[in-house]
Protein chains: 2
Amino acid sequence: MVSEGYEGFLESLVRAGVWIPSGVQGVYGRGEGFIVATNALASAIHRGFGVGAERMQFPPVMPRSDLERIGYFRNFPNLLGSVHCFCGDDRAHRDMLKRHDAGEDWTEQHLASDLVLTPAACYPVYPALAARGTTPAQGYLVEVQSTCFRREPSVDPMRLQSFDMHEIVRVGAAADVVAFRERLIAQGQAFFSQLGLDAVMSLANDPFFGRAGGVMGQGQRDKALKFELQVAFDPAGAPTACMSFNYHQDHFGGALELRLEDGQIAHSACVGFGIDRIALALFRQHGLSPRDWPIDVLDLLAVL
Amino acid sequence: MVSEGYEGFLESLVRAGVWIPSGVQGVYGRGEGFIVATNALASAIHRGFGVGAERMQFPPVMPRSDLERIGYFRNFPNLLGSVHCFCGDDRAHRDMLKRHDAGEDWTEQHLASDLVLTPAACYPVYPALAARGTTPAQGYLVEVQSTCFRREPSVDPMRLQSFDMHEIVRVGAAADVVAFRERLIAQGQAFFSQLGLDAVMSLANDPFFGRAGGVMGQGQRDKALKFELQVAFDPAGAPTACMSFNYHQDHFGGALELRLEDGQIAHSACVGFGIDRIALALFRQHGLSPRDWPIDVLDLLAVL
């Protein structure tokens with residue numbers, strides 16, 4: 001592991017041009033080294049985990065109506081980014097500019113559009129599958145990539161507001177979905193070991209909002225619905241999830257009317273890779289120049 | 001060219017799983033074929049146009065303060081997507097859910113954040129370069145990729161709200177910047193010819209907002225600041241820009257205080273590739289299966 005302290009490591013990332021600060025917490029540009037690492041990671045995940053899967057990519061925005069059906073704003077209202085737009089005429093525009101030039105808030109004429117920022121890569125997958133009609137008996141296996149947004153500005157560089165997520169999604173009968181998650185848990189651990197990263201598999205819960213959120217999180221833990229593969233970037237801090245393994249039971253199937261041929265509501269699970277976090281872990285572990293990483297890691301990532 | 005009509009072509013894209021409609025105009029997911037084509041295009045652009053350039057990627061959101069400095073909301077207020085977020089407590093959250101469940105507008109508690117959706121891939125580049133201090137005498141050459149957003153819902157599938165843009169950006173002395181644009185205009189035409197696409201180079205202008213917008217557009221044309229490489233997807237409709245070649249004079253340099261060593265404000269130019277549009281043109285021209293495209297095109301794209 002790079003021996004310098006954690007803050008020194010972050011400064012060196014910026015100094016080496018690997019990361020480009022934007023001035024807003026949790027929003028970074030990528031320089032050459034980070035582009036090489038994240039492209040290589042995405043390819044390695046595709047080769048290793050995408051076998052037999054249907055591939056999809058979605059834009060960073062998705063229909064508000066789908067988000068409403070899924071119910072995200074009930075449990076994570078504070079994390080949601082909503083796309084607002086100006087729909088006024090010439091006169092409203094002049095008013096807006098006057099406000100701006102007087103140092104006032106010029107955004108109040110921006111109204112909610114029919115789009116929100118995608119909070120998880122798998123969210124647009126379920127409506128796309130539901131649009132096909134009845135789920136076939138063997139279900140679906142989908143590999144999906146998207147840039148996601150969660151409103152949690154933080155000094156912690158592992159907690160980005162805008163980040164790339166790669167997921168493998170399984171939809172089908174409960175037993176198939178559960179077996180898929182078991183298989184991926186083992187495969188995920190092997191992947192991290194091959195990457196030379198120390199990761200710990202932990203029972204976890206989503207950060208449900210508000211006072212009722214604690215109860216919901218405990219319920220999720222009691223049913224063992226979420227596991228995370230966590231890496232300790234900063235020896236002094238809490239470890240950070242780099243992969244998650246989520247069993248949704250019939251949540252998405254019920255919300256989007258995904259039904260199997262026998263009429264049962266389909267179950268689903270998703271396994272997510274936090275691309276930026278895994279890349280940062282690699283830089284932290286193996287140094288600032290991807291081309292100098294251990295040969296086994298380069299071989300797995302097929303860098304160069 | 002695929003012989004069926006334009007609408008038939010779009011339906012066949014969806015039927016073949018190349019494109020995945022979201023239900024909102026101008027927001028599409030990508031299936032296997034489109035992922036293969038856009039990845040290959042991005043790689044070909046990097047190999048062909050990125051030689052000697054510094055590489056950057058930016059997220060689909062950028063600081064509102066940078067957008068204000070650039071002045072985008074003055075000229076294109078109607079195209080801007082602004083990121084709004086809920087910052088309330090438990091009680092405000094209960095109110096919001098009540099509104100939603102009563103079928104009312106539940107978005108009014110969403111307030112403008114310090115982020116907007118990135119409208120052009122090159123926008124975050126100028127603040128990043130300005131942060132380095134004085135621009136070196138030879139200037140900068142940057143290759144940048146980003147997913148961009150413009151609020152223009154349309155039935156025209158060439159006019160996406162969320163789309164990938166790849167740009168080559170040149171910052172420096174006026175003469176260098178002008179020469180760069182000249183060189184790229186020639187190179188862009190050769191690239192489209194190699195892709196087997198009929199494209200026409202046209203003088204163009206940006207869609208400035210409102211009544212004053214027409215005058216600004218005419219001024220831009222009079223100075224020949226913008227050229228577009230346009231492809232006619234639909235023989236019955238207007239051609240669509242797939243690349244643009246923009247000379248900004250000292251607009252970005254002045255807005256962001258990019259100065260050369262001699263104290264002069266730096267000039268800039270950018271050359272943009274509309275990745276989704278070029279990919280659609282390829283599907284339109286060469287058929288629905290990238291692996292069956294002409295061998296010269298596959299060779300250039302290095303597909304497979």
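## A pair of strands in chain B

Let's start small: Pro21(B) sits across from Tyr28(B), a residue of β2(B). This is a predicted model, so read what follows as a description of that prediction. The two strands involved here are β1(B) and β2(B), the latter covering residues 28–31 of chain B, and they pair antiparallel over three bridges. As a bit of background, strands in a sheet are held together by backbone hydrogen bonds, and they can run parallel or antiparallel.

## The sheet they belong to

Zoom out, and β1(B) and β2(B) turn out to be part of an open sheet of nine strands. Going across, the order is β9(A)-β10(A)-β11(A)-β12(A)-β8(A)-β7(A)-β3(A)-β2(B)-β1(B), and the pairing is mixed. Notice the letters: strands from chain A and from chain B both appear in this order.

Which strands stand at the edges? They are β9 (200–203) of chain A and β1 (19–21) of chain B. Each has a single partner strand, so one of its sides has no neighbour in the sheet. On average, neighbouring strands here are turned by 25° against each other, if you ignore direction.

## A helix on the sheet

Now look for helix α7 of chain A, residues 174–194, which packs on this sheet. It touches a run of chain A strands: β7 (140–149), β8 (162–172), β9, β10 (226–231), β11 (240–249) and β12 (267–274). The direction of α7(A) makes about 170° with that of β11(A).

## How the two chains relate

What turn lays chain B on chain A? A turn of 180° does it, with a shift of 0.0 Å along the axis and an RMSD of 0.0 Å. The two copies are therefore related as by a two-fold rotation axis.

If you want to find that axis from chain B, go to Val83(B): its C-alpha is 2.6 Å away, and no residue of chain B comes closer. As for where the chains meet, 100% of the interface residues of chain B are interface residues in chain A too, so the copies meet through the same surface.

## Two residues with positive phi

Two spots in chain B deserve a look for their backbone angles. Ala224(B) isn't a glycine, yet its phi is positive, near 55°. You'll find Ala224(B) in the loop between α8 (210–222) and β10 (226–231) of chain B. With a relative accessible area of 25%, Ala224(B) is partly exposed.

The other one is Gln249(B), also not a glycine, with a positive phi of about 50°. Gln249(B) is in strand β11 of chain B, residues 240–249. Its relative accessibility is 28%, so Gln249(B) counts as partly exposed.

Conventions
Residues are numbered from 1 along each chain as its sequence is written. Chains are lettered from A and ligands numbered from 1 in the order in which they are written. This is a predicted model: local features need pLDDT of at least 70, side-chain atom pairs count only at pLDDT 80 or more; totals for chains, interfaces and linings use all residues. Side-chain values use heavy atoms; hydrogens and water are left out. Two strands pair if DSSP finds at least two bridges between them. Helices (H or I, at least four residues) and strands (E, at least two) are DSSP runs, numbered from the N terminus. Axes are lines fitted to C-alpha atoms, for helices over the stretch in contact, and angles run from 0 to 180 degrees between N-to-C directions. Contact means heavy atoms within 4.5 Å. Copies are superposed by least squares on the C-alpha atoms of residues with pLDDT of at least 70 in both. Buried means under 20% relative accessible area, exposed over 50%, partly exposed in between (1.4 Å probe, protein chains only).
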